[in-house]
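Subject: Structure handover

Hello,

Below is the structure I said I would pass on. My notes on what was found in it follow.

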Amino acid sequence: MADQNNPAMITETKINGVTFVVQSSFKEGGTETAVSKMAQVLKNELRGKESCS
């Protein structure tokens with residue numbers, strides 16, 4: 001979780017009447033971007049689904 005030196009960012013968005021609350025934080029000194037992290041998550045999801053079929 002976030003600490004006082006690295007506070008979390010909280011974003012609230014409403015889509016079609018559903019409110020989504022997203023909390024994000026980052027590792028100090030980290031080099032990976034949110035885009036590259038999500039790309040890796042999606043690649044891993046696809047690999048998992050391919051191996052199940």
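Strands β1 and β2 run antiparallel and are joined by seven bridges. Two strands count as paired if DSSP finds at least two bridges between them. Helices (H or I, at least four residues) and strands (E, at least two) are DSSP runs, numbered from the N terminus.

Please note that this is a predicted model, in which local features need pLDDT of at least 70 and side-chain atom pairs count only at pLDDT 80 or more, while totals for chains, interfaces and linings use all residues. Residues are numbered from 1 along each chain as its sequence is written, and side-chain values use heavy atoms, with hydrogens and water left out.

The hairpin

The protein has one helix and two strands, in the order β-β-α from the N terminus. β1 covers residues 9-15 and β2 covers 18-24; together they form a hairpin with two residues between them. Ile-15 has Val-18 in β2 as its bridge partner. Further along the pair, Glu-12 stands opposite Val-21 in β2. Val-22, also in strand β2, is ten residues from Glu-12 along the chain, and the C-alpha atoms of the two are separated by 6.4 Å.

In the loop between the strands sits Asn-16. Its phi is positive, near 50°, and it is a residue other than glycine. For background, most residues other than glycine have a negative phi.

Exposure

Three classes are used here: buried is under 20% relative accessible area, exposed is over 50%, and partly exposed is in between (1.4 Å probe, protein chains only). Of the 53 residues of the protein, 2% count as buried. None of the seven residues of β1 is buried, so this strand lies largely in the open. In β2, Val-22 is partly exposed because its relative accessible area is 46%. Asn-16, in the turn, has a relative accessibility of 77% and therefore counts as exposed.

For the protein as a whole, about 5200 Å² is exposed, and carbon and sulfur atoms supply 57% of that area. Accessible areas come from the Shrake-Rupley method with a 1.4 Å probe; for residues, only the protein chains shown count as cover.

The largest pocket

What lines the largest pocket? The residues are Ser-24, Ser-25, Phe-26, Lys-27, Gly-30, Glu-32, Thr-33, Ala-34, Lys-37 and Met-38. By type they divide into three nonpolar, four polar and three charged. Here Ala, Val, Leu, Ile, Met, Phe, Trp, Tyr, Cys and Pro count as nonpolar, Asp, Glu, Lys and Arg as charged, and the others, Gly among them, as polar. Helix α1 (residues 34-52) gives the largest share of the lining, three residues.

The space in this pocket is about 290 Å³. A pocket is an open set of points on a 1 Å grid over the protein atoms alone, where a 1.4 Å probe fits, with protein on both sides within 12 Å along at least five of seven lines; lining residues have an atom within 4 Å of a point. Grid points are joined across faces, edges and corners, and the volume is the space filled by probe spheres set on the points.

Ala-34, one of the lining residues, lies in helix α1. With 62% relative accessibility, Ala-34 counts as exposed. Ala-34 and Ser-24 are ten residues apart in sequence, and their C-alpha atoms are 9.8 Å apart in space.

The salt bridge

How many salt bridges does a search of the whole structure find? The search finds one. Glu-32 forms it with Lys-37, and the closest N and O atoms are 4.0 Å apart. The criterion is a side-chain nitrogen of Lys or Arg within 4 Å of a carboxyl oxygen of Asp or Glu. Glu-32, at 49% relative accessibility, counts as partly exposed, and so does Lys-37, at 46%. Both residues also belong to the lining of the largest pocket.

Regards
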